[in-house]
Amino acid sequence: MTGILVCVLGMAKAQSFSGTITPDVTIPAFTNVIISSTTSATVPFSTTNDYLNGITVLNFNSFQVRCNKSWQFTIQTTTANFTGGTSTIPASIVGVRLNGGNSFYPLSTTVLILKSGTLGDVTATGHSFSIDVSANPGFNYNGGTYSIGLQYTLTAQ
Amino acid sequence: MKAFVTCSFFLLIVFAGNGQDKSNKITVTESNCSFNISTIANLLAGQSTANAFSFQVLSKANSYHVYVKGANSTGTTTPIPPNKLGVQVTSRTGAAATYNSSKILLSTVDQALVTNGSSTSTGATFSCTLFLEPLDFSYVPGVYNFVVTFTMTQP
């Protein structure tokens, strides 16, 4: 007995043929911060209480960070001392904290880390924040107008 | 006396091949399928490249269709999904075929680009624009590699 079994598989199915392309997208590191302020950068000392207690300015500056890597945001002064006036006033009479924080940290030309975070847009948690500053020179300096530069730095990690 | 029965079977299995041949194939040709994002504005606005690629179809059969699909990118820790890429057929030369001239955002399932193409031995060629949709800051720096697959089917 001889039989021939012919199995024809798939002939009834539609045939298909394919080809591909291989697009690529190159994305560099992006860091971007928007700084805004709704308060004056001038802190006037006009009463005895100002000298006794110092002056605190809430939400002195506000920041919105956009970054596609983990990041660190720092502050430092551009000079060790204030300029102007007739006294030498160190940067450290000004303290800074994240808005609502407990302690003020004295400023200097040394980098102070204010905040760090992960990648994301301004809507990401922790990417929008503000700082409070407190100036407390006491009675140690001559009257006058003194100024100092604040340098903010956003660094991708 | 014992009867011996010899059983012989010839087994012939024919598979319908998916391999391309001279008369039935799709050939995809890249011209420029790279996006190099240099500014935040580029990142947020998206980009497009006209005539980024083309594909040519040879088909013995009438009523062929061409589909496209994508996949998540590879190469980084934060894959870009396929729907951030789009393709648009902008023109056809050669044998008649109906094509979707709208921008199609890719997905992992096939979407029709060409329908009811006429049989052709000389080919129908379709030119395409490649789109990169607006991105955001959730993608780490790096090179993101995609594979976009075009499939021609015959009835």
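**Reading the labels in this model**

Q: Why is B:Y99 called partly exposed?

A: The relative accessible area of B:Y99 is 26%. Buried means under 20%, exposed over 50%, and partly exposed in between (1.4 Å probe, protein chains only), so with 26% B:Y99 is partly exposed. This is a predicted model, in which local features need pLDDT of at least 70, side-chain atom pairs count only at pLDDT 80 or more, totals for chains, interfaces and linings use all residues, and side-chain values use heavy atoms, without hydrogens or water. Residues are numbered from 1 along each chain as its sequence is written, with chains lettered from A and ligands numbered from 1 in the order in which they are written.

Q: What makes B:F126 count as buried?

A: B:F126 has 0% relative accessibility, so it falls on the buried side of that scale.

Q: How many aromatic pairs does a search of the whole structure find?

A: There are 13 over all chains. Rings of Phe, Tyr and Trp (its six-membered ring) pair if their centres lie within 6.5 Å; planes under 30 degrees apart count as stacked, over 60 as edge-to-face and the rest as tilted.

Q: Why is the pair of A:F73 and A:Y152 called stacked?

A: Their ring centres are 5.7 Å apart and their planes differ by 10°, so both cut-offs for a stacked pair are met. A:F73 belongs to strand β6 of chain A and A:Y152 to strand β11 of chain A, 79 residues apart. Strands here are DSSP runs (E, at least two residues), numbered from the N terminus.

Q: What makes the pair of B:Y99 and B:F126 edge-to-face?

A: With 6.2 Å centre to centre and 80° between the planes, this pair passes the distance limit and the edge-to-face angle, so the name fits.

Q: How do you know that the charged end of A:K115 sits over the ring of A:F129?

A: The rule asks for NZ of Lys or CZ of Arg within 6 Å of the ring centre and within 35 degrees of the ring normal. A:K115 is 5.8 Å from the ring centre of A:F129, so the distance part is met. In chain B, B:K103 lies over the face of B:F131, at 4.7 Å from the ring centre.

Q: Why is one side of β3 and β11 of chain B left without a neighbour in the sheet?

A: Two strands pair if DSSP finds at least two bridges between them. The sheet order is β3(B)-β3(A)-β11(B). Both chain B strands stand at its edges with a single partner strand each, so one side of each has no neighbour in the sheet.

Key: Helices (H or I, at least four residues) and strands (E, at least two) are DSSP runs, numbered from the N terminus.
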